[in-house]
Amino acid sequence: MIGLDPISLFSGAYMLVAATANACPAQGAVDVDVRLAKADNAYISNLTSQQLTKTYAADPDSTLATDGSWMVSGVTVVSGDGLKSSIKAEFKTQTNYTNDTTCFTVSKVEYEIQYSPTIYIAADYKNMGCRYSATLAHEKRHVAQDVRTFTDFVPTFTSQIKSYVEAMPAQGPYGNGDIPTAQHAILQQISEAMKPSWEQLMVVRRKRQGEIDTLQNYMRDTALCPGQFPKFDGMQ
């Protein structure tokens, strides 16, 4: 009898289903589901441009909107938990009760790109409706660009996970008590194998975001609001 065991890097839950097997089966085909999970956060406007510049100007993974004085007027932040991945899998198990050992294969892998950006708008713009709106629109373009980039990588991630898992050797036989540890180790191996692809994603992301943060775009955004020029003196 074949059983299906769900497990993830965040859960040690598992279920052994009885089976009779003389040898561990080859891995075989695997179902792979890669998806983007986007969560929206409230916009934050309690930091001045000086504070945003000091905190995020040197962050390569933050997307910045600046004015002609190169002060940060808005920023989309993903550092911390704003951009990460999670992975979980389901396993088919075969247990031999004559010697209390179990083999398993990976039946499904779910890989999630978790995107939860935080948009900051400088407090200097609180009383400047046009500049606030123009800066927010700029940051929303960054978010839309991110969504497009992550979505573009879904087929690549799917193909690479599928190829990696289907090339794995047979797993086991393991002592029944060792199955959770062995399955968790497989998840870690898959996660490690995806690191080069993740790094490539970050390179493409930075390049595409740089196409938005140009002098021409900054000048265009500033021109939308004639006469609204903050002092950027740190006052809220």
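**Exercise 1. Count the disulfides, then describe each one.**

By the rule that a disulfide is a pair of cysteine sulfur atoms within 2.5 Å, the count comes to two disulfides. Before going on, note that this is a predicted model, in which local features need pLDDT of at least 70 and side-chain atom pairs count only at pLDDT 80 or more, while totals for chains, interfaces and linings use all residues. Residues are numbered from 1 along each chain as its sequence is written, and side-chain values use heavy atoms, with hydrogens and water left out.

*Step 1.* Start with C24 and C103, which are joined by a disulfide with an S to S distance of 2.1 Å. The torsion about their S-S bond is about -70°, so this disulfide is left-handed. C24 lies in the loop between β1 (3–8) and β2, and C103 in strand β6, so the pair ties together parts that are 79 residues apart in sequence. Helices (H or I, at least four residues) and strands (E, at least two) are DSSP runs, numbered from the N terminus. Both C24 and C103 are buried; buried means under 20% relative accessible area, exposed over 50%, and partly exposed in between (1.4 Å probe, protein chains only).

*Step 2.* Now take C130 and C225, whose sulfur atoms are 2.0 Å apart in a disulfide. This link is left-handed, with -80° about the S-S bond. C130 lies in helix α2 and C225 in the segment after α5 (215–223), so the pair ties together parts that are 95 residues apart in sequence. C130 has a relative accessible area of 30%, so it is partly exposed. C225 is buried, with a relative accessible area of 2%.

*Step 3.* Counting bonded cysteines along the chain, you get the pattern 1-2, 3-4.

**Exercise 2. Find the salt bridges and place three of them.**

*Step 1.* Apply the rule: a side-chain nitrogen of Lys or Arg within 4 Å of a carboxyl oxygen of Asp or Glu. Searching the whole structure this way gives twelve salt bridges.

*Step 2.* Look at R35 and E112, whose closest N and O atoms are 3.1 Å apart in a salt bridge. R35 sits in strand β2 (residues 31–38) and E112 in strand β6 (residues 101–115), so distant parts of the chain, 77 residues apart, are linked. R35 is partly exposed at 27% relative accessibility, whereas E112 is buried at 17%.

*Step 3.* Next come D152 and R208, whose side chains meet in a salt bridge at 2.9 Å, N to O. This pair links distant parts of the chain, with D152 in helix α2 (residues 129–166) and R208 in helix α4 (residues 195–210), 56 residues apart. D152 counts as partly exposed at 37% relative accessibility, and R208 as buried at 18%.

*Step 4.* Finish with E211 and K207, a salt bridge whose closest N and O atoms are 3.2 Å apart. E211 is partly exposed at 45% relative accessibility, while K207 is exposed at 56%. Salt bridges that share partners also join D33, R35, K88, K108, E110 and E112 into one network.

**Exercise 3. Check the span of helix α3 and list its buried residues.**

*Step 1.* Helix α3 covers residues 179–193, which is 15 residues. The expected span is 1.5 Å times one less than the number of residues. From first C-alpha to last, α3 reaches 21 Å, close to the 21 Å expected.

*Step 2.* The buried residues of α3 are I179, P180, A182, Q183, I186, L187 and I190. To read such a list, recall that an α-helix has 3.6 residues a turn, so residues three or four places apart point the same way.
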